[in-house]
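User: Please take a close look at a single part of this model, the strands and what packs on them. I would like one connected account.

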Amino acid sequence: GILRYRISSIEPNLLTDETIAFCAESQKFMPHFHIPLQSGSDDVLKLMRRKYDTQLFREKVDLVRRLMPDAFIGVDVMVGCRGEEPHCFDECYAFLQSIDVQQLHVFPYSERPGTAALKIPYVVSDAEKRRRSQMLLTLSDEKTEAFYRRHIGTEADVLLERAPKGKAMHGFTKNYVRVELPPALAREEYGNAILRMRLTDFNHNKTALRGELLLG
């Protein structure tokens, strides 16, 4: 009875081409991936001992985009780890800017006792971590807004979530566009239901697109 599945937090070296192709043909696996990257600098990825590089990551994103042009791709990014010198962060930012992803989950590096990372001499200050985080969060907002904007005026099947009486309802399209149904149109029976909607414009804080029900 489950109608929608989403693939979350699968590293690029484990996201096989066959898996991507399967999702592209599936009616139940949604065109939505969350792929940890951690850094867009190959030097930093080597320090992290990751089993992939930026070229592989780009190839996976390109394949998803080729098979599922409207897919939503989220990315985990860590900033300020030991060894992330300024040129490394510049490489990371440029890489993320260049690939067609829709959202960045940004988190600052924090020390863990007993880890090999503590042997790396270059340390990023807390203030610099905050600056880098904000740069990537701003880039993320720009990418998400651009993706949402492409869907204004389109129709989509939205899985709505339950909401308290008198409150707006929210839900998601297959490709993870968040949609808002105003309180005046909300109904208890819409909760956990998939409804056809027309996506109109951004809501007041640009966290979702407003939806109009297409019933009957």
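Analyst: In this predicted model, five strands close into a barrel, in the order β5-β6-β7-β9-β8 and with mixed pairing. Neighbouring strands of the barrel are turned against each other by 55 degrees on average, direction ignored. One pairing within it joins β8 (residues 194-202) to β9 (residues 209-213), in the antiparallel sense and over four bridges. Arg 198 stands opposite Glu 212 in β9.

The other sheet is open. It has four strands in the order β1-β2-β3-β4, and the pairing is parallel. β1 (5-7) and β4 are at the edges with a single partner strand each, so one side of each has no neighbour in the sheet. Here the average turn between neighbouring strands is 20 degrees, direction ignored. β3 and β4 run parallel and are joined by six bridges; Met 78 has Phe 107 in β4 as its bridge partner. Helix α4 packs on this sheet, where it touches β2, β3 and β4, and its direction makes about 175 degrees with that of β3.

α4 (residues 86-98) also meets a helix, α5 (residues 126-150). The two axes come within 11 Å and cross at roughly 5 degrees. An angle under 35 degrees counts as roughly parallel, and α4 and α5 are therefore roughly parallel to each other. On the α4 side the contact is made by Pro 86, Phe 89, Tyr 93, Leu 96 and Gln 97, and on the α5 side by Arg 132, Met 135, Leu 136, Leu 139 and Lys 143. Seven of the residues in this contact are nonpolar, one is polar and two are charged.

Two residues of that contact, Leu 96 and Leu 136, return in the largest nonpolar core. This core has 31 residues, and those touching the most other members are Phe 33, Phe 57, Val 75, Leu 96, Leu 104 and Leu 136. At least two residues each come from α1 (17-25), β2 (29-38), α3 (54-67), β3 (72-79), α4, β4 (103-108) and α5. The most, five residues, come from α4.

Val 75 shows how these elements meet. Leaving aside neighbours within four places in sequence, Val 75 is in contact with His 34, Ile 35, Leu 37, Phe 57, Leu 96, Val 101, Gln 103, Leu 104 and His 105. Apart from this core lies another, of 18 residues, including Met 169, Tyr 190, Phe 202 and Leu 213.

Definitions and conventions
Residues are numbered from 1 along each chain as its sequence is written. This is a predicted model: local features need pLDDT of at least 70, side-chain atom pairs count only at pLDDT 80 or more; totals for chains, interfaces and linings use all residues. Side-chain values use heavy atoms; hydrogens and water are left out. Axes are lines fitted to C-alpha atoms, for helices over the stretch in contact, and angles run from 0 to 180 degrees between N-to-C directions. Angles under 35 degrees count as roughly parallel, over 145 as roughly antiparallel, 65 to 115 as roughly perpendicular and the rest as oblique. Contact means heavy atoms within 4.5 Å. Ala, Val, Leu, Ile, Met, Phe, Trp, Tyr, Cys and Pro count as nonpolar, Asp, Glu, Lys and Arg as charged, and the others, Gly among them, as polar. A nonpolar core is a set of buried Ala, Val, Leu, Ile, Met, Phe, Trp, Tyr and Cys residues joined through side-chain atoms within 4.5 Å. Buried means under 20% relative accessible area, exposed over 50%, partly exposed in between (1.4 Å probe, protein chains only). Two strands pair if DSSP finds at least two bridges between them.
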